[in-house]
Amino acid sequence: HPICHPHPICRPIINWRTSALCHPHPTRLQINNHLALINTKLLRDYAELDPRLRQLVFLVKHWAKQRGVNDSYRGSLSSYAYVLLCIHLLQRRSPPVLPVLQHLAEAPAAAGCAAGLAGDGTLGLRVFSRAVGGWRCEFYDDAEALRGIGSANTESLAQLLLAFFDYWAVRHDYNHAVATIRVPGGLLSKASKNWTMRHGSERHLVCIEDPFELSHDLGRTIDKVSVVGLRREFERAARVLASVPDPLPLLFQPLRQE
């Protein structure tokens, strides 16, 4: 049963369920979504900088699937949103695991010096730049030059996984903050985005800014009921990782088994 959802960059987005012998399979088709291709390139560039990003994303997405908080059309977060949250975490570690590629594109030479790169500290002028649907998409585009930039951070995958859930369980300011991966520090205010109140069906209870389509809040579909469930799952995951000697079986226990 196809359902079309209008979108400011790409039309249409069609969702349907296919019939299967055991389980229906949700499917999504997007046509001429050029912005999504650029988003994919940005995420791929980040993934090439440090292997911990791919590993963290895999664990977080598996957790979200097992705990039933991975479907934006049912009031939780999309797979794409979780990838952005993983990048956001790694950018904010001290020292950072990942740089802010969109910030490096603004002043690559100065940013290279600040990053402490070898040689003269400059990054050159490898900047990806496209305009799509009125949005300017720019980011530093030489992953090879930045490979290993996060090596000063020696945190293990286990430590980063706990840090991810700890941040979203107790440290993020849900009332005032917007998570972003395009600016240093990784946070904007809801007031600066005019995301302080509901606009139509967009509730802005968990605000995650798309890195290019800046008016797009990836958490906009979360309502007052689902935000409670999502935060409860973050808190549960942080508690399990911090207190259980062998946490993974309990962390990934499917929600329906409890």
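**Exercise 1. Which aspartate forms a salt bridge with arginine 171, and how far apart are the closest N and O atoms?**

Before solving, some ground rules. This is a predicted model, in which local features need pLDDT of at least 70 and side-chain atom pairs count only at pLDDT 80 or more, while totals for chains, interfaces and linings use all residues. Residues are numbered from 1 along each chain as its sequence is written, and side-chain values use heavy atoms, with hydrogens and water left out.

Solution.
- Step 1: recall the criterion, a side-chain nitrogen of Lys or Arg within 4 Å of a carboxyl oxygen of Asp or Glu.
- Step 2: apply it to arginine 171; the partner is aspartate 166, with the closest N and O atoms 2.3 Å apart.
- Step 3: check the surroundings, using relative accessible area with a 1.4 Å probe and protein chains only: buried is under 20%, exposed over 50%, and partly exposed in between. Arginine 171 counts as exposed because its relative accessibility is 57%, and aspartate 166, at 23%, counts as partly exposed.

**Exercise 2. Find the partners of arginine 126 and glutamate 209, and describe where each pair sits in the chain.**

Solution.
- Step 1: begin with the total, which is 12 salt bridges in the structure.
- Step 2: arginine 126 pairs with aspartate 142, and their closest N and O atoms are 3.9 Å apart. This pair links distant parts of the chain, 16 residues apart: arginine 126 is in the loop between α5 (108-115) and β4 (127-132), and aspartate 142 in the loop between β5 (135-140) and α6 (143-146). The helices named here are DSSP runs of H or I with at least four residues, the strands are runs of E with at least two, and both are numbered from the N terminus.
- Step 3: compare accessibility. Arginine 126 is partly exposed at 43%, whereas aspartate 142 is buried at 17%.
- Step 4: glutamate 209 pairs with lysine 193, the closest N and O atoms being 2.6 Å apart. Here too distant parts of the chain are linked, with glutamate 209 in the loop between β8 and α9 (224-243) and lysine 193 in helix α8 (residues 190-193), 16 residues apart.
- Step 5: glutamate 209 is buried, with a relative accessible area of 1%, and lysine 193 is buried at 17%.
- Step 6: finish with a network, in which salt bridges sharing partners join Lys41, Asp45 and Asp141.

**Exercise 3. Compare the span of helix α3 with its expected length, then judge how enclosed the helix is.**

Solution.
- Step 1: the expected span is 1.5 Å times one less than the number of residues.
- Step 2: for the 14 residues of α3 (residues 79-92) this gives 20 Å, which agrees with the 20 Å between the end C-alpha atoms.
- Step 3: because 11 of the 14 residues are buried, α3 is largely enclosed by the rest of the structure. Among them are Tyr82, Leu85 and His88.

**Exercise 4. Locate the largest nonpolar core and follow two tryptophans.**

Solution.
- Step 1: such a core is a set of buried Ala, Val, Leu, Ile, Met, Phe, Trp, Tyr and Cys residues joined through side-chain atoms within 4.5 Å.
- Step 2: the largest one has 61 residues, and those with the most contacts inside it are Trp63, Tyr82, Phe164, Phe165 and Phe234. Helix α3 gives the most to this core, with 9 residues.
- Step 3: list contacts, meaning heavy atoms within 4.5 Å. Beyond its neighbours within four places in sequence, tryptophan 63 contacts residues including Tyr82, Phe165, Phe234 and Leu251.
- Step 4: tryptophan 168 lies in helix α7 (residues 157-171) and is buried, with a relative accessible area of 1%. Not counting residues up to four places away, tryptophan 168 touches Leu85, His88, Tyr174, Ala179, Val206 and Phe234.

**Exercise 5. Work out the strand order of the sheet that contains β6.**

Solution.
- Step 1: two strands pair if DSSP finds at least two bridges between them.
- Step 2: 3 strands form an open sheet in the order β7-β6-β8, with mixed pairing. The edge strands, β7 (187-189) and β8 (207-208), each pair on one side only.
- Step 3: β6 (residues 177-179) and β8 pair in the parallel sense over 2 bridges, and valine 178 has cysteine 207 of β8 as its bridge partner.

**Exercise 6. Decide where to read the model with caution.**

Solution.
- Step 1: pLDDT is the predictor's confidence in each residue, from 0 to 100.
- Step 2: the chain has a mean pLDDT of 85, and 79% of its residues reach 70 or more.
- Step 3: pLDDT stays under 50 over residues 1-13, for which the model has 38 contacts beyond four places in sequence. Over residues 19-23 pLDDT also stays under 50, with 2 such contacts.
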